[in-house]
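Trainee: Please show me the structure, and then let us work through it together.

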Amino acid sequence: MGLLLPAPENVKKVAILCHRHADADTYLSAYALSFMVGKLMPGAEASIIIPDGMSALTQRLAETFPYDKHEESPDYDLILAVDIGHMELLKDWSEKLRNSRGTKVLIDHHPLQEGTPYDQLMVDTTASSAAELVHRLFKELSVEPDASVSQALLIAILFDSQHLSIAGVGALRAVLDLTEHGARLDEARALLRSPPDYGEVIAKLKAAKRCRIYRAAGRVIVTSTIGSFQANVARAFTHLGADVSLVVGDFDGELRGSLRSNHRFSAETNIHLGTDVAEVLSKGRGYGGGHPTAASFTCSAGAEDVIKDFLALMGGLLHDAPVEVK
Ligand SMILES: [Mn+2]
């Protein structure tokens, strides 16, 4: 699966492309690739391109691992796209990539989409991060990462592998090798820790203080009200062990609701929070939908009415009326 890059003398401009709203994996992989381009093609100018901003975490990481901003070029001789997933995630760069006359390379751990315009691929869906593939590329092309690049790749691997909990052997080998090149695990973990958002903390604790607990068919259902962070609060209730949670709050004269359930509940009951709950609750008075274990809705009814309707709906779906636990 070795990549064949164009000869250095034919490359003046290189674009290293991240997916939109860049996360730690795509950005730090791009950071490492720009170092690699500098080693392999010292005469080329490498630009990291971030189509639609960065996540808050990535913004913080980019202070430690900064990139040089260059004026956008009309075209590039080489485009390295990393951790892209869907072409739509490139925003306006999707067309620029298609129309480019340069060599287009994809380095990705997402499944390959049909009809993509790349000339060369390094795609491995068994990798838990794109950074793991970038590390492999350093090996294949015999480029030694320095301590900063090693640290960047280590952080990206930790980020995308949920702190190695879903890491495969390849990622673990890469981690070991990166630490031997100067990366530090303790520092990587520290850089990934986000400062608390106290607005969210207070919202969670207030909602917890006024939550109501129900049992139906052996399951635990939790409802509460809060004016903001409904989704985070609903998720927090499932982290506490609730099977299903509903959190509602007024926002701009409307009622907003968030629903969460855990995977066991979803698998065992087949209740889809998007189609079975959010859509039903908002029907005729708003709109809603979502995924099996995460959904939301907006509607014009009052909080107490919606909670009552939700409990009745869950009673029907579970064939057992919820009973409040006092
Ligand atoms: Mn990734």
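Questions and answers on this structure follow.

Mentor: Before we begin, note that this is a predicted model, in which local features need pLDDT of at least 70 and side-chain atom pairs count only at pLDDT 80 or more, while totals for chains, interfaces and linings use all residues. Residues are numbered from 1 along each chain as its sequence is written, and side-chain values use heavy atoms, with hydrogens and water left out.

Trainee: How many helices and strands are there in the chain?
Mentor: Helices (H or I, at least four residues) and strands (E, at least two) are taken as DSSP runs and numbered from the N terminus. Along the principal axes, the C-alpha atoms of the chain fill a box of roughly 75 × 40 × 35 Å. Within the chain, the count comes to 12 helices and 12 strands.

Trainee: How far apart do the C-alpha centres of domain 1 and domain 2 lie?
Mentor: The domain bounds come from an automatic or database domain assignment, which gives domain 1 as 8–192 and domain 2 as 199–325. Between the C-alpha centres of these two domains the distance is 38 Å.

Trainee: What percentage of the residues of the chain count as buried?
Mentor: Buried means under 20% relative accessible area, exposed means over 50%, and partly exposed lies in between, with a 1.4 Å probe and protein chains only. Strand E1 gives a local example, since 4 of its 5 residues are buried. For the 326 residues of the chain, the buried share is 48%.

Trainee: In what order do the strands of the open sheet lie?
Mentor: Two strands pair if DSSP finds at least two bridges between them, and strand E1 (residues 13–17) pairs with E2 in the parallel sense over 5 bridges. Among the partners along that pairing, Ala15 is matched with Ser47 in E2, and Ile16 with Ile48. The open sheet has 5 strands with parallel pairing, and their order is E2-E1-E3-E4-E5.

Trainee: Which are the edge strands of that sheet?
Mentor: In the open sheet of 5 strands, ordered E2-E1-E3-E4-E5, an edge strand pairs on one side only. The edge strands are E2 and E5.

Trainee: How many residues lie between E10 and E11 in their hairpin?
Mentor: Strand E11 (residues 294–299) runs antiparallel to strand E9 (residues 254–261), joined by 6 bridges, and Gly257 stands opposite Phe297 in E11. Strand E10 (residues 286–290) is also antiparallel to E11, with 5 bridges, and Gly290 has Ala295 as its bridge partner there. In the hairpin that E10 and E11 form, the number of residues between them is 3.

Trainee: Which residues are the protein donors of the manganese ion?
Mentor: Donors are N, O and S atoms within 2.8 Å of the metal (3.2 Å for Na, K and Ca), and water is not among the atoms, so sites may look incomplete. The protein donors lie 2.1 to 2.8 Å from the manganese ion, and Asp83 is listed twice, each time through OD. In sequence the donor residues are spaced D-x57-D-x25-H-x50-D. They are Asp25 (OD), Asp83 (OD), Asp83 (OD), His109 (NE2) and Asp160 (OD).

Trainee: How many residues apart in sequence are the parts that Asp25 and His109 tie together?
Mentor: Both residues are buried, Asp25 with a relative accessible area of 0% and His109 with one of 12%. Asp25 lies in helix H1 (residues 24–40) and His109 in the loop between strand E4 (103–108) and strand E5 (120–123), so the pair ties together parts whose separation in residues is 84.

Trainee: Which residues is Ser55 in contact with, leaving aside its neighbours within four places in sequence?
Mentor: Ser55 has its place in the loop between strand E2 (45–49) and helix H2 (56–64), where it is buried, with a relative accessible area of 16%. Contact means heavy atoms within 4.5 Å. With those neighbours set aside, the residues in contact with Ser55 are His21, Ala22 and Asp23.

Trainee: How far apart in space are Met87 and Glu114, C-alpha to C-alpha?
Mentor: Met87 sits in the loop between strand E3 (78–82) and helix H3 (93–99), and is buried at a relative accessible area of 3%. Beyond its neighbours within four places in sequence, its contacts include Gln113 and Thr116. Met87 and Glu114 are 27 residues apart in sequence, and their C-alpha distance is 10.0 Å.
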